[in-house]
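This briefing is intended to be read alongside the sequence and the structure. It covers charged surface patches, salt bridges and unusual backbone geometry.

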Amino acid sequence: MQVYVNYNDKRWEKYDIDFARVANAAGPKNKDAEVSIILTNDKEIHKLNKKYRGMDKPTNVLSFELGDDLLLGDIYISLDTVMREADAANISVQEHVVHMVVHGMLHLRGYDHILDDEAKIMESKEISIMKKLGYKNPYADDENISCTNGKCCPGSHTIAFLTKLKIRENGFWQYALYALFGGIAAFGFAPFYCWFATVFGIAGAYWLTIRRTKYDVLWREFLRVSPFGIMYAISMLWWTLDSIYVVPELTKQFAIWTAPALIGIGVFGAMFFSVPFVSIARGRITPGARVFMFAGVWTLVLWMREWIFSGFPWNPVANIALPFPMIANSMSLWGALGLTFIIVGLIAEGVELLRNVKSRRSWGVFLFFVIIALCGGFYGMYNIHVASNDNKTNAMIRIVQPAQSQSQKMVYSRADALKRAEENMIRLFQLAADAENPDLIVFPETTYPYTLIDGDDMPLASALKTNVIIGTNYFSDGKSYNSMAIASSDGNIYNVYNKSHLVPFGEYSLFGFMPSPVHLAHGGGAELITIDTENGEFIFAPAICYEIIFSDSLVPRADLTPNAIVNITNDTWFGKTPGTYQHLDMVRRYAIESGLPVIRANYSGISAFVLSNGEILSSLPIGQAGVLDGTVWGAHDTVYRKIGRDGIMIIILILACIGVICMNAPQTKD
């Protein structure tokens with residue numbers, strides 16, 4: 001048989017392949033027959049695939065049969081696709097090209113693989129011909145899964161089982177599995193701390209995405225993976241709706257918003273958590289590049305959650321590491337962004353290795369993430385050491401936790417309001433008063449039962465004869481604020497900090513028409529406040545409620561390092577739901593990132609002293625009224641606070657882009 005080879009891409013010339021020998025091994029035994037092999041690239045084969053098959057993407061091989069016994073037809077082979085597939089399968093480009101020639105020749109001879117029976121016949125022919133040519137069975141590893149015997153690597157039983165499942169694209173089980181994996185992934189956070197659930201959930205959704213060989217247009221891919229994002233968000237954030245049912249009067253007014261709110265949470269989840277999977281839902285990317293793309297985009301989404309729609313960066317994946325101090329303290333080096341990038345990268349690379357344990361590139365990517373994780377762990381050990389050995393502040397601090405229910409705080413008339421306010425003031429005094437007077441007493445958010453205006457004093461501070469920090473409603477210049485008032489021992493209020501990061505739907509109306517029980521004004525942002533005590537100056541960064549979940553937002557860019565962060569909050573609305581425990585973990589994360597201990601006064605609990613290594617020094621449980629005395633230490637600069645959130649994000653994006661480019665580069669294996 002005569003074989004004519006055309007080099008439409010000069011890169012083919014460096015490959016020493018005997019195309020005539022291969023084609024004759026797979027072709028008819030007729031010396032007068034002719035076939036043309038056109039060696040091309042993705043650009044040309046993409047056009048042919050779209051024109052003749054209606055598929056808008058490149059492929060590895062196309063065969064054009066002429067229907068003649070002598071003029072068999074043309075075989076087009078794309079070098080770009082062949083190199084990517086060879087790299088993914090950990091075989092040489094030459095071996096894969098030989099397979100493509102054999103495959104194309106059999107198509108010209110009338111063989112096909114559309115139906116299962118036809119595919120079995122054609123594959124058996126290919127296996128036989130490849131064996132005669134001295135090559136292994138190209139179908140030995142089903143879908144590139146080389147570890148299915150349960151012996152060669154951990155997790156292979158699961159992968160083998162999932163591989164056997166007949167999950168149709170766009171079928172019920174595909175969507176159900178995405179939703180299941182999303183729901184499971186939420187259990188890695190407080191109070192469950194099943195970190196392996198988050199790992200399994202993300203890994204499962206990643207596997208569902210990359211197992212397919214054909215990808216659709218962007219919006220269809222988004223719809224395909226959206227059940228993961230929807231269930232992940234709902235499972236993680238359903239507790240936010242608990243606030244609707246705390247007070248009967250509010251329940252009557254806002255209960256109708258329960259279903260729309262759940263839908264909104266789901267839409268939020270689909271918008272954000274589906275994006276990383278959509279980013280890898282395409283064929284023209286190698287497994288190694290896919291891992292860097294997935295981890296980079298997941299981290300970028302976390303960064304975007306800091307500010308889009310007022311921001312809600314709740315539960316970064318990094319938080320599943322909080323039970324492991326050395327790993328968690330790596331956030332002092334690169335923050336929750338960096339640790340999330342590493343964890344998600346390791347999860348994705350773990351799936352790729354289970355699919356093809358022989359891939360050297362995959363092992364290289366895995367080694368990269370392991371090395372940087374170890375570097376972070378060593379720095380985490382250093383951060384633990386610094387946080388534990390720094391000098392203590394001299395100020396003795398008392399946290400007061402009133403632990404009244406929200407309904408107990410509600411009033412229904414002016415007379416009732418005045419009576420309730422007076423009773424609350426007496427109760428606060430009785431809780432806070434003690435023979436050993438501290439240098440500072442910290443009361444939680446919205447504790448002061450009156451609205452504060454300019455010129456007011458703080459009788460509670462003068463009665464207790466010490467400095468007081470207390471949460472209050474503040475009215476100034478025709479605007480209402482959620483504020484923190486700082487008063488000296490003589491009752492003089494010399495500083496008022498106004499909350500700047502307000503809670504949408506709870507403190508103001510997002511977009512101007514969404515429901516909210518109150519409409520507050522935004523404060524001026526981060527600042528440092530100094531309190532003069534008998535034991536010296538105490539400098540702190542104020543934070544009200546969920547302001548502390550916004551990374552790198554509380555300490556102004558200055559040379560001065562505060563002694564601590566004072567976080568006053570009121571989680572009464574959320575009771576003993578996961579939200580209360582997760583909020584405390586967000587505080588611990590911020591302490592590690594900033595290198596600053598946190599004094600946390602929570603109206604209903606959990607109040608706590610948190611060290612700058614994330615360790616909870618002491619705490620009061622939910623629902624228990626009482627006080628907590630202590631001091632803090634370990635304030636120090638961290639690499640993360642010096643570089644900043646946005647600087648770390650830029651570094652991560654550079655790493656991710658370099659990884660994608662390097663891993664997607666062609667690799668010759670002759």
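**Charge and backbone features**

Asp490 is located in the loop that runs between strand S9 (479-487) and strand S10 (493-498). The model is predicted. Within it, Asp490 belongs to a surface patch of negative charge, and a count of 14 salt bridges is obtained.

**Negative surface patch**

- The patch of negative charge brings together Asp454, Asp456, Asp457, Asp477 and Asp490 on the surface.
- Asp490 counts as exposed because its relative accessibility is 57%, above the 50% cut-off.
- Asp477, another member of the patch, is placed in the loop between strand S8 (467-476) and S9.
- With a relative accessible area of 73%, Asp477 is exposed.

**Positive surface patch**

- Lys29, Arg109, Lys125 and Lys132 form a positive patch on the surface.
- Lys29 sits in the loop between helix H1 (19-26) and strand S2 (34-40).
- The relative accessibility of Lys29 is 75%, and this residue therefore counts as exposed.

**Salt-bridge network of Asp9, Arg11 and Asp80**

- A network of salt bridges links Asp9, Arg11 and Asp80.
- Between Asp80 and Arg11, the closest N and O atoms of the salt bridge are 2.8 Å apart.
- Asp80 belongs to helix H3 (residues 79-89), whereas Arg11 lies in the loop between strand S1 (2-7) and H1, so the pair ties together parts that are 69 residues apart in sequence.
- Asp80 is buried, its relative accessible area being 17%, while Arg11 is partly exposed at 34%.

**Further salt bridges**

- Glu306 and Arg645 meet through their side chains in a salt bridge, with an N to O distance of 3.6 Å.
- This pair links distant parts of the chain, 339 residues apart: Glu306 is in the loop between helix H13 (287-304) and helix H14 (325-328), and Arg645 is in helix H22 (residues 645-664).
- Glu306 has a relative accessibility of 6% and therefore counts as buried.
- Asp637 and Arg641 form a salt bridge in which the closest N and O atoms are 3.0 Å apart.
- In this pair, Asp637 counts as partly exposed at 39% relative accessibility, whereas Arg641 is buried with a relative accessible area of 11%.

**Cis peptide bonds**

- Most peptide bonds are trans.
- Ala190 and Pro191 are joined by a cis peptide bond with omega of about 0 degrees.
- Pro191 lies in the loop between helix H7 (172-185) and helix H8 (195-210).
- A cis peptide bond also joins Gly605 and Ile606, where omega is about 20 degrees.
- The loop between strand S14 (598-602) and strand S15 (607-610) contains Ile606.

**Positive phi outside glycine**

- Most residues other than glycine have a negative phi.
- Thr446, which is not a glycine, has a positive phi of about 55 degrees.
- The position of Thr446 is in the loop between strand S6 (440-442) and strand S7 (451-453), and its relative accessible area of 22% makes it partly exposed.
- Asp477 likewise has a positive phi, near 55 degrees, and is a residue other than glycine.
- Asp477 thus appears under two topics, since it is also a member of the negative patch and is exposed, with a relative accessible area of 73%.

Conventions:
Residues numbered from 1 in each chain as written. Predicted model: local features only at pLDDT ≥ 70, side-chain atom pairs only at ≥ 80, totals over all residues. Heavy atoms only, no water. Patch = residues over 30% accessible without salt bridge, like charges linked within 9 Å, V, L, I, M, F, W, Y side chains within 5 Å. Areas by Shrake-Rupley, 256 points an atom, 1.4 Å probe, with all protein chains shown as cover. Salt bridge = Lys/Arg side-chain N within 4 Å of Asp/Glu carboxyl O. Lys, Arg positive; Asp, Glu negative; His and termini not counted. Charge placed at Lys NZ, Arg CZ, Asp CG, Glu CD. Helix = DSSP H or I, 4+ residues; strand = E, 2+ residues; numbered from the N terminus. Buried < 20%, exposed > 50% of the residue type's maximum accessible area, 1.4 Å probe, protein only.
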